[in-house]
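This report sets out selected computed features of the structure shown below. Each section takes up one topic.

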Amino acid sequence: MKKILLVLSLFMVSVFADIYNDETRLIAQGKGVMFIFESKSCPYCELLKKDFKENKEMKELSKGFNIYFINQDNQKDYVVGKTKKQETTTTLRMAFMSKTTPNIVMFDKKWNKIFQLPGYAHPAQMITFMKFIDGLHNGDYTAKDWQKYLKDNGVS
């Protein structure tokens, strides 16, 4: 019985780790990147994590991203991107003016910042944002198409 519980626990950790990176090396590796600033006391942060875990389309789209949850309550040192610039939790928060949680910052695979949303995004919105960045990578869109894309997809 203990072996079964251990295997089940390891499986759940590996599924969770596939979507969420709790690393200090923040990299793209040919994928889009999301920084999600969170805090321990933020119920919307937990809801967003639940959306990523339970919404099939978000879960599938998240395979094209490295998603980093950056807990604003914990001071950590990070190595960011291909430049390997050293940052701390505080300097990242300041760089992205993250005052509320969640605060979602989305980049394409070349580290171009595409979008930032201070607050919770409903799964339909997140899916729209993620599909746009996926389309950037596939050559379907350019960054200049962002506003038109949002309008065409009912997000304005």
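## Aromatic pairs

A search of the whole structure yields 15 aromatic pairs (rings of Phe, Tyr and Trp, the last by its six-membered ring, with centres within 6.5 Å; planes under 30 degrees apart count as stacked, over 60 as edge-to-face and the rest as tilted). One of them joins F115 and F129, whose ring centres are 4.4 Å apart with the planes at 40°, so the pair is tilted. Because F115 belongs to strand β8 (residues 113-118) and F129 to helix α5 (residues 123-138), this pair ties together parts 14 residues apart in sequence. F115 and F129 are both buried (under 20% relative accessible area, against over 50% for exposed and in between for partly exposed; 1.4 Å probe, protein chains only).

A further tilted pair consists of F132 and Y149, at 5.0 Å centre to centre and 50° between the planes. This pair links distant parts of the chain, with F132 in helix α5 and Y149 in helix α6 (residues 146-152), 17 residues apart. Both F132 and Y149 are buried. In addition, F35, F37, Y68, F96, F107 and W111 make up one aromatic cluster.

## Basis of the values

The model is predicted; local features require pLDDT of at least 70 and side-chain atom pairs count only at pLDDT 80 or more, whereas totals for chains, interfaces and linings use all residues. Residues are numbered from 1 along each chain as its sequence is written, and side-chain values use heavy atoms, with hydrogens and water left out. Helices (H or I, at least four residues) and strands (E, at least two) are DSSP runs numbered from the N terminus.

## Helix α2 and the disulfide

The 12 residues of helix α2 (residues 43-54) should span 16 Å at 1.5 Å a residue, and the end C-alpha atoms are 16 Å apart, which agrees; the expected span is 1.5 Å times one less than the number of residues. Buried in α2 are C45, L48, K49, D51 and F52. Viewed down the axis of α2, the buried residues fall within an arc of 155°, so they line one face of the helix (the arc is that of the directions from the helix axis to the C-beta atoms). P43 and E54 are exposed on the other side of α2.

The structure contains 1 disulfide (a pair of cysteine sulfur atoms within 2.5 Å). The disulfide joins C42 to C45, with S to S 2.5 Å. The torsion about its S-S bond is about 90°, so the disulfide is right-handed. C42 and C45 are both buried.
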